[in-house]
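Please walk me through this structure, from its charged pairs to its nonpolar parts. Keep it brisk, and point to residues I can find on screen.

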Amino acid sequence: MSALPQPAVDVTETLSPGRETLHYAIRNPKLLIGFTVVIALLLLGLVGPLVLDNSDPMEYVGPQAAAPSGDYWLGTTTFGQDIYAQFVHGLRATFEVGALGGAIAAAIAMVIGFLAGYRGGMTDEILNMFTNIVLVIPALAVLLIINAYLGVRSVSVQGLFIGLTSWPWAARAIRAQTFTLRSRDFVDLARLSGCRTWRIIFREIAPNMSSYLFMMFILLFGGSILVAASLDFIGLGPTDGVSLGLMLQSAQQWSALQLGMWWWFVPPGAGITAIVGALYVANVGLDEVFNPKLRES
Amino acid sequence: MRRYFARKLLAYALTFAVAVTVNWMIPRFMPGDPVASMVARAGSSQPEAVDAMRSYYTRLFGFDQPVWQQYLHFWSALFQGDFGVSIWVFPKPVSEVILDALPYTLGLMIPAILLSWFAGNWLGALAARRKVLDNTVLPASYLLTAMPYMWVAVILAWALGSKAGWFPLSGGYSLDVQPNWSLDFLLDLLHHWVLPFLSLFLVALGGWAIGMRNMIIYELESDYSSYLSALGAPQRLIRRYAFRNAVLPQITGLALQLGVLVAGALVTEIVFAYPGLGSLILAAIQNQDFFLLQGTFLFIVIGVLIANFVIDLVYVVVDPRTRTGMAGGTA
């Protein structure tokens, strides 16, 4: 007697929501590849400067304008500075400005988006007008003016101002999502039980949007890095220290292109592209993990 | 219809007012003293010269007047078209310097924005059709959109300009040619235009392709698509309707991306030493020419506002629902 065929049991049916998300997350190639690249570069930025021979990436250590070799993995600049040392120090600054700018922009976007979406009415109108104004004014132009007048610039100040100018699109998106959530039953119940506005927002609405907020932060992080690189390139970067954008700027300033020193301008841009591209791809993967309709398998 | 546009114009006027106020406020509220830095730049040690320069710059910046008077003066100068005098190419007025550079920037940006938008949408729609195309176009687009504009510019300049020698590396036109209206000069201009245009085009293309592909997939899964295919409509017809619906958010997306595209154009010009606003900004920063910088900021804001208004007009033309909404009907 053969046994009756058993219906296949989906292994995820027995897991809690958090574990189920993790189950799909681990099996999503885009998410894995994206995060792996970002974490690898982050580790390189954190550990790299520590294992270098000397601590100052701007020191003149080697032969001038040397191509990559066994001694200097990414070659040297026209002044004889080690490009690999500059690269790993620059990764640190780039991650720092991305995290700071992204966090500040995310915080502002959440405050404004939640308030406008939840309250509606006049608050919404005013905040909407404010968001539109900041949205239309080009961020780089404002940052140019601000940074030009700052005497001494640091990575944290740069991150602060980038955060202050890049939040509008995120605020709009959060507001739209909050609109859909605020008419739900659990929000009405919370309101009936006398919870105050911000408590409802942070206890009821935000946790239901947590995946969305996380993806928003990733996009703001990537955007911050790109804006910071542009600012550095124009010459309004941190006044001392190294960043990937500043490396591109000095490569441009010292005619690396005309002299054919590709090892000076290719690595920093490739680093930025790798971080931002990996973040975008990981974001798509996260979208698939959180939204079952998008899953392919 | 008139009320809709009146509201839009009011919003843009308000934005312009805020931009002008920000422009006026920043020198006065940033740490540090622009007058002191200008005086220090001259490097003179004679006290009479230093005093004379200090009083001159104070008058130039308007710091000797009460604050509200400075603000009103700023606005009245603006409406007279007076953006101040450039310190870098003293005594040329800022408006003249900017208007000299503006055609190059516009000639670079407008074709790049329009062509990349059309080509990107077309590519994204194509990728949404077949899996094979999707698997090549999508990763390439993500790669392109993650690249910083100036890096793509440098790579293109190196590959196509330096190594292959097909295109010149810098300038708006050759050094040995004088600007005139001959065919030779126009061809030379075009020759110098290709690489900056290409770098702007490629990066922007990636973004539009990704957006369009996602929108088309979303539209192809909607009710009307399923209904049409159940009725037996040819796939091409369904795709055409899906494309039309998917284009609408892309138009709004264009308005949102303008700031990013302008920033990209500025850094690309710096890489190629293209004589547009980007190189002007670089020179202004390096020479601490604050008035030129503020003038370029205002010009950029005005340009972006005009572009936003044009896009609003286009949207009203393209989407019939906005027109019925304005006439009081329901969509």
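Start with Arg175(A) and Asp124(A), which form a salt bridge in this predicted model. Their closest N and O atoms are 2.7 Å apart. The pair links distant parts of the chain. Arg175(A) sits in helix H7 of chain A, residues 168-182. Asp124(A) sits in helix H4 of chain A, residues 121-136. The two residues are 51 residues apart.

Are these two partners buried or exposed? Arg175(A) has a relative accessible area of 18%, so this residue is buried. The cut-off for buried is under 20%. Asp124(A) has 9% relative accessibility and therefore also counts as buried.

The structure holds 7 salt bridges over all chains. Another one of them joins the side chains of Asp188(A) and Arg191(A), at 3.1 Å from N to O. Here the partners belong to one helix, H8 of chain A, which covers residues 185-192. They are 3 residues apart, so about one helical turn separates them. Asp188(A) has a relative accessible area of 34%, which means that it is partly exposed. Arg191(A) is partly exposed too, because its value is 43%.

Chain B offers a further example. The side chains of Lys92(B) and Asp100(B) meet in a salt bridge, again with 3.1 Å between N and O. Lys92(B) is partly exposed, with a relative accessible area of 31%. Asp100(B) is partly exposed as well, at 46%.

Now turn to the nonpolar interior. The largest nonpolar core has 147 residues. Which of them touch the most other members? They are Ile234(A), Phe265(A), Leu277(B), Ile281(B), Phe297(B) and Ile300(B). Helix H10 of chain B, residues 235-272, gives the most to this core, with 15 residues.

Take Ile234(A) as a way in. Leave out residues up to four places away in sequence. Ile234(A) then touches Leu140(A) and Leu144(A) in chain A. In chain B, Ile234(A) touches Val267(B), Ile270(B), Ile281(B), Leu282(B) and Ile285(B). Ile281(B) is itself among the core residues that touch the most other members.

Apart from the largest core lies another core, of 26 residues. Its members include Ala170(A), Ala171(A), Ile200(A) and Leu220(A).

Nonpolar side chains also reach the surface. A nonpolar patch there has about 890 Å² of accessible area together. Its members are Phe35(A), Ile39(A), Leu42(A), Leu43(A), Leu46(A), Val47(A), Leu50(A), Val51(A), Phe214(A) and Phe290(A). H2(A) gives the most to the patch, with 6 residues. One patch member, Leu42(A), lies in helix H2 of chain A. Leu42(A) has a relative accessible area of 31%, so this residue is partly exposed.

Finish with Thr77(A). Where is this residue? Thr77(A) lies in the loop between helix H2 (29-47) and helix H3 (83-119) of chain A. Thr77(A) counts as buried, because its relative accessibility is 0%. What is Thr77(A) in contact with, leaving aside its neighbours within four places in sequence? The contacts are Pro63(A), Gln64(A), Ala65(A), Ile83(A), Gln86(A), Met261(A) and Trp264(A). For a sense of scale, look across to Lys293(A). The C-alpha atoms of Thr77(A) and Lys293(A) are separated by 50 Å. Along the chain, these two residues are 216 residues apart.

How values were computed
Residues numbered from 1 in each chain as written. Chains lettered and ligands numbered in written order. Predicted model: local features only at pLDDT ≥ 70, side-chain atom pairs only at ≥ 80, totals over all residues. Heavy atoms only, no water. Helix = DSSP H or I, 4+ residues; strand = E, 2+ residues; numbered from the N terminus. Buried < 20%, exposed > 50% of the residue type's maximum accessible area, 1.4 Å probe, protein only. Contact = heavy atoms within 4.5 Å. Core = buried A, V, L, I, M, F, W, Y, C linked by side-chain atoms within 4.5 Å. Patch = residues over 30% accessible without salt bridge, like charges linked within 9 Å, V, L, I, M, F, W, Y side chains within 5 Å. Areas by Shrake-Rupley, 256 points an atom, 1.4 Å probe, with all protein chains shown as cover. Salt bridge = Lys/Arg side-chain N within 4 Å of Asp/Glu carboxyl O.
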